Each structure stands twice: as structure tokens, then as C-alpha cells.
Amino acid sequence: MLKLSRLLLKSSRDHMLGVAAANEFKLLRSISTQPNFQPAAKIFAPYSIYKGKAALSADPLLPKFTKLESGDYKVERRGVIMLTFWPAIGERKYDWDKRQKFALSATEVGSLINLGAKDSCEFFHDPSMLSSNAGQVRKSLSIKAHADGSGYFVSLSVVNNVLHSNDRFVVPVTAAEFAVMRTAFSFALPHIMGWDHTVSKLPIHCNEGSYIRSNGGSSPRAVPEPQSSEWDR
């Protein structure tokens, strides 16, 4: 009788432990942020900052690869960190149709990551540089530190002599917000360069529209393909 009682007690304890483990597993699944991505699905996860006069978002765009006759792949178009600015038209209201973009190259991302608390930097882009149409559209991105080291003013100026327009956006960014940008940009840098594919067998997107691994095999894993350039809306 005593032996039977011990067996029943052990069985009951094991059952309770099993129920507890199952409930913990369900809880972990319920709070998981990892969705079940579908193949060829685009992934949008911008970091956005909304201020009184304008808003700013940053989003990594992956490089595009092309297949060589040898069967290998090389970068056809390098990735960028795309900054998007759009103006405020009221309290907590913004005009997305008037957005402007600025694509940070790997080197420009490095300059931003390297900024100190009281440093500043400026970048200039011209889609027609070194051609007869140079100067028709000019973009300049300026990042200037606050005098007290509490953050930065991030401003974008777009002069379009074809449309006779001159747009300017200024977004004050706190030190904490800039720390998020710096950390995220550091993480994204090898990915926009395509270096993550040189050290792993992750699937890549090529101009044939298929998803492939570096060893040539197919993969169902979703990889976001590059989006439009900064000169497109």
C-alpha cells in the first residue's frame, strides 16, 4: 500500500511538472516576435522619429546580386541605409506624399557611426554628377551636434531646378535616438555590403528573381529585395 501511494504521488508530481512546462512553452510562444515569414515576402522594419516639424525614418536596403557565367555571384548594386524625411502638416500629422529620400552608402554610414557627441558631418548627392545635367537636382544631408552634446540636428535639403522646388527638413534627434541609429547601422553595415553572404550560406536575392544559397541550393527563407532608389518616390 505504501509503495502504491508513493507511485501515485510521483505520477501526480510528474503530471504537474508536465503541465507547468507546457504552459511555460505556450507563454513563450505567445510572446515570441518571430513571425512565420512567407517566401518572397518583403520585410519592412524602419526606425522612425517623429518631431514637430518633420519626421525621419531609417531602413536598410539589401544589395542586389547578379549571377556570373562561372555560376558564382557578385554584387550588382550595393545596399544602402535609406533615410526618408517627410514634413508635418499639423499636430501629429505628416504628409507622406511630400517625402524625400537620401541613401547612405557604406562609407557614409561609417562616417555617421563614427560621430562623436560634438561632431558634425555633411553629405552631397547629385544623380547627374559628371554629366551635362549636373546640378539640376542636388541633395545635401547635414548632421550637426547640439552645443551641449545632448543630440543632433539631422537636416535634408533638396533643390530641384527642373521642378523649381526647394525642400528642407530638420529633425532634432536626441542622444538616445542617435544611439539606436548608431547601433542599428553598425549591425546593418555588413548586410548592405553583402559581406554576410561571404561568410555564411544564407539565401540571397539575384536578378533572376529566385532565392538561392551561396552553394546554389534553393531556400524557402524570405529575403527582402532592394527597394527603390532615393531618386524615386
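How many of the eight residues of strand β2 are buried? In this predicted model, the count is seven of the eight. Strand β2 covers residues 54-61, and with that count it is largely enclosed by the rest of the structure.

The enclosed strand has pairing partners in β1 and β5. Strand β1, residues 47-50, runs antiparallel to β2, and four bridges join the two. Together β1 and β2 make a hairpin, with three residues between them. Within this pairing, Tyr-50 stands opposite Ala-55 of β2. Strand β5, residues 80-90, also pairs with β2 in the antiparallel sense. That pairing extends over eight bridges. Pro-60 has Ile-81 of β5 as its bridge partner.

The protein as a whole contains four helices and 13 strands. It has 233 residues, of which 33% count as buried. Among contacts with a separation of 6 or more, 50% come from residues 24 or more positions apart. The accessible surface amounts to about 14900 Å². Carbon and sulfur atoms hold 56% of that surface.

A second region is built around an open sheet. Its four strands follow the order β8-β9-β10-β11, and the pairing is antiparallel. Strands β8 (121-125) and β11 (165-174) form the edges, each pairing on one side only. From one strand to the next, the twist averages 10 degrees. Strand β10, residues 151-160, pairs with β11 over 10 bridges in the antiparallel sense. One of the positions in this pairing is Ser-157, whose bridge partner in β11 is Arg-168. Helix α3, residues 175-193, packs on the sheet. The helix touches β9 (137-145), β10 and β11. Its direction makes about 100 degrees with that of β11.

Arg-138 offers a closer view of this sheet. The residue lies in strand β9. Its relative accessible area is 41%, and the range from 20% to 50% is classed as partly exposed, so Arg-138 is partly exposed. Beyond its neighbours within four places in sequence, Arg-138 is in contact with His-125, Asp-126, Ser-157, Val-158, Val-159 and Asn-161. Of these contacts, His-125 falls within β8 (121-125). Ser-157, Val-158 and Val-159 fall within β10 (residues 151-160). A polar atom of the Arg-138 side chain lies 3.3 Å from the backbone oxygen of Gly-135. Arg-138 and Asn-166 are 28 residues apart in sequence. Their C-alpha atoms are 9.7 Å apart in space.

The nonpolar interior was examined next. In soluble globular proteins, nonpolar side chains tend to be buried together. Here the largest nonpolar core has 29 residues. Those touching the most other members are Ile-81, Leu-83, Phe-85, Leu-104, Leu-141 and Phe-185. Helix α3 gives the most to this core, with five residues. Phe-185 lies within the span of α3 (residues 175-193). Leaving out residues up to four places away in sequence, Phe-185 touches Ala-58, Ile-81, Leu-83, Leu-104, Val-109, Leu-112 and Ile-113.

These contacts link the two regions described above. Ala-58 belongs to the span of the largely enclosed strand β2 (residues 54-61), and it is touched by Phe-185. Ile-81 and Leu-83 belong to the span of β5 (residues 80-90), and both are touched by Phe-185 as well. Ile-81 is also the bridge partner of Pro-60. Helix α3, in turn, packs on the four-stranded sheet through β9, β10 and β11.

Definitions and conventions. Residues are numbered from 1 along each chain as its sequence is written. This is a predicted model: local features need pLDDT of at least 70, side-chain atom pairs count only at pLDDT 80 or more; totals for chains, interfaces and linings use all residues. Side-chain values use heavy atoms; hydrogens and water are left out. Buried means under 20% relative accessible area, exposed over 50%, partly exposed in between (1.4 Å probe, protein chains only). Contact means heavy atoms within 4.5 Å. Accessible areas come from the Shrake-Rupley method with a 1.4 Å probe; for residues, only the protein chains shown count as cover. Two strands pair if DSSP finds at least two bridges between them. Axes are lines fitted to C-alpha atoms, for helices over the stretch in contact, and angles run from 0 to 180 degrees between N-to-C directions. A polar contact is a pair of N or O atoms within 3.5 Å; within protein, one must be able to donate a hydrogen and the other to accept it, and residues adjacent in sequence count only if both atoms are side-chain atoms. A nonpolar core is a set of buried Ala, Val, Leu, Ile, Met, Phe, Trp, Tyr and Cys residues joined through side-chain atoms within 4.5 Å.
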